[in-house]
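Please look through the sequence and the model below before reading on. The paragraphs that follow go from a sheet and its helices to the nonpolar cores, and end with one helix.

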Amino acid sequence: MFVVATSFSNGIAAKLAEKLGARLVRAEEKTFPDGESYLRIPEKLGGTTLIVHSLYAPQDVAYMKLLMAIDAAKGAGADRVVVAIPYVAYARQDKRFLEGEPITVSIVLRGLETAGADALVTVDIHQPRSLDEWLSIPHVNVLPVKELADYFRVKLGQGVVLAPDKGALHRAEEAAKVLGLSYDYLEKTRDRVTGEVAISPKEIDVSGKNVLIIDDIISTGGTIALAARSMLKMGAANVYVACTHALLVKGALDRIYHEGVKEAAATDSVPSPISKVSVAEAILRGLQQIREAI
Ligand code: R5P
């Protein structure tokens with residue numbers, strides 16, 4: 001087995017190659033004077049090749065390079081190309097919220113198949129059902145919740161795990177199971193035009209307790225800031241925050257720490273100052289689940 005590392009692998013490809021006992025092949029990359037990307041796989045491949053490539057900023061360049069890597073791997077002799085994407089960009093636009101919008105997750109996923117991907121492992125894609133909806137190749141979505149929960153185990157002690165909205169409840173449920181704690185969710189609404197988020201407090205007894213809020217993405221930090229403020233107002237002792245993808249745009253970290261968050265931690269799906277755990281183990285679990293297809 002070969003594992004291909006690109007400039008968007010963030011060290012995860014090397015971790016996986018070691019765990020799999022596979023040969024690590026580093027793609028050569030450059031940018032042409034006119035701004036176009038160039039990528040080459042400098043070795044002959046064969047059998048199954050795993051490409052580990054995340055889609056963090058600049059997302060459009062990242063996506064183009066992933067398509068190039070898939071095609072290059074096939075051209076270099078790979079019989080099967082398995083793609084592992086630690087962070088799938090454009091996944092939040094999974095329907096036409098406003099008339100005239102594209103469904104970007106559909107474009108991203110269908111493009112991978114067109115380029116030649118034979119199987120796909122995603123890490124905490126915004127809506128896993130997008131994979132079933134748009135892909136015909138074998139696929140699996142994995143959650144790094146165990147790793148994130150374990151990171152907070154000692155700090156949290158006897159606390160509660162909360163999802164910032166109902167859609168994120170499965171993460172809170174899994175983290176709570178790992179930690180042996182109770183879980184719940186907060187009600188969130190977002191204005192699709194202005195982007196304003198509001199959180200209505202639920203009947204959750206967080207008084208005097210440590211709270212772990214777990215979500216898929218921290219982007220501007222607005223969702224977490226609101227959730228943290230609301231929990232502290234309700235008497236929580238400490239608020240900890242875990243997320244899979246720390247996009248952290250527009251001073252997000254300052255924003256959430258300013259609201260009183262004691263500590264925020266994320267995975268390495270996106271390079272960030274709060275990256276504390278790796279998604280490598282979760283990807284391995286995903287490869288195991290689709291092993292018959294690869
Ligand atoms: C939304 O549905 C997602 O699960 C996240 O809650 C959201 O993307 C976080 O964005 P922000 O940090 O900008 O509030």
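Which strands does helix 5 (residues 145-156) lie across? In this predicted model, helix 5 crosses strand 9 (159-163), strand 13 (210-218), strand 14, strand 15 and strand 16, and its direction runs at about 155° to that of strand 15. Helix 7 (residues 222-233) also packs on the sheet, where it touches strand 9, strand 13, strand 14 and strand 15, and its direction makes about 165° with that of strand 13.

The sheet itself is open and consists of six strands in the order 10-9-13-14-15-16, with parallel pairing. Because strand 10 (182-185) and strand 16 (275-277) stand at the edges with a single partner strand each, one side of each is left without a neighbour in the sheet. From one strand to the next, the twist averages 35°. Within this arrangement, strand 14 (residues 238-246) and strand 15 (residues 261-267) pair in the parallel sense over five bridges, and V239 stands opposite V261 of strand 15.

In soluble globular proteins, nonpolar side chains tend to be buried together. The largest nonpolar core here has 42 residues, of which I41, L45, I70, L112 and L120 touch the most other members. Strand 1 (2-5), helix 2 (59-75), strand 6 (80-85) and helix 3 (104-115) each supply at least two residues of this core, and helix 2 gives the largest share, with eight residues. When its neighbours within four places in sequence are left aside, L112 is in contact with Y63, L66, L67, I70, I85, A117 and L120. Apart from this core lies another, of 28 residues, which includes V211, A225, L253 and I274.

Helix 3 deserves a separate look. Its twelve residues should span 16 Å at 1.5 Å a residue, and its end C-alpha atoms are 17 Å apart, which agrees. The buried residues of helix 3 are T104, V105, S106, V108, L109, G111, L112 and A115, and they pack against helix 2, strand 6, strand 7 (119-123) and helix 4 (129-134).

Is T104, in helix 3, buried or exposed? Its relative accessible area is 13%, and since a residue counts as buried under 20%, T104 is buried. Leaving aside its neighbours within four places in sequence, T104 is in contact with Y90 and Q93. Just after helix 3, G116 takes a positive phi of about 120°.

How values were computed. Residues numbered from 1 in each chain as written. Predicted model: local features only at pLDDT ≥ 70, side-chain atom pairs only at ≥ 80, totals over all residues. Heavy atoms only, no water. Pairing = 2+ DSSP bridges. Helix = DSSP H or I, 4+ residues; strand = E, 2+ residues; numbered from the N terminus. Axes fitted to C-alpha atoms, helices over the stretch in contact; angles between N-to-C directions. Contact = heavy atoms within 4.5 Å. Core = buried A, V, L, I, M, F, W, Y, C linked by side-chain atoms within 4.5 Å. Buried < 20%, exposed > 50% of the residue type's maximum accessible area, 1.4 Å probe, protein only. Expected span 1.5 Å × (residues − 1).
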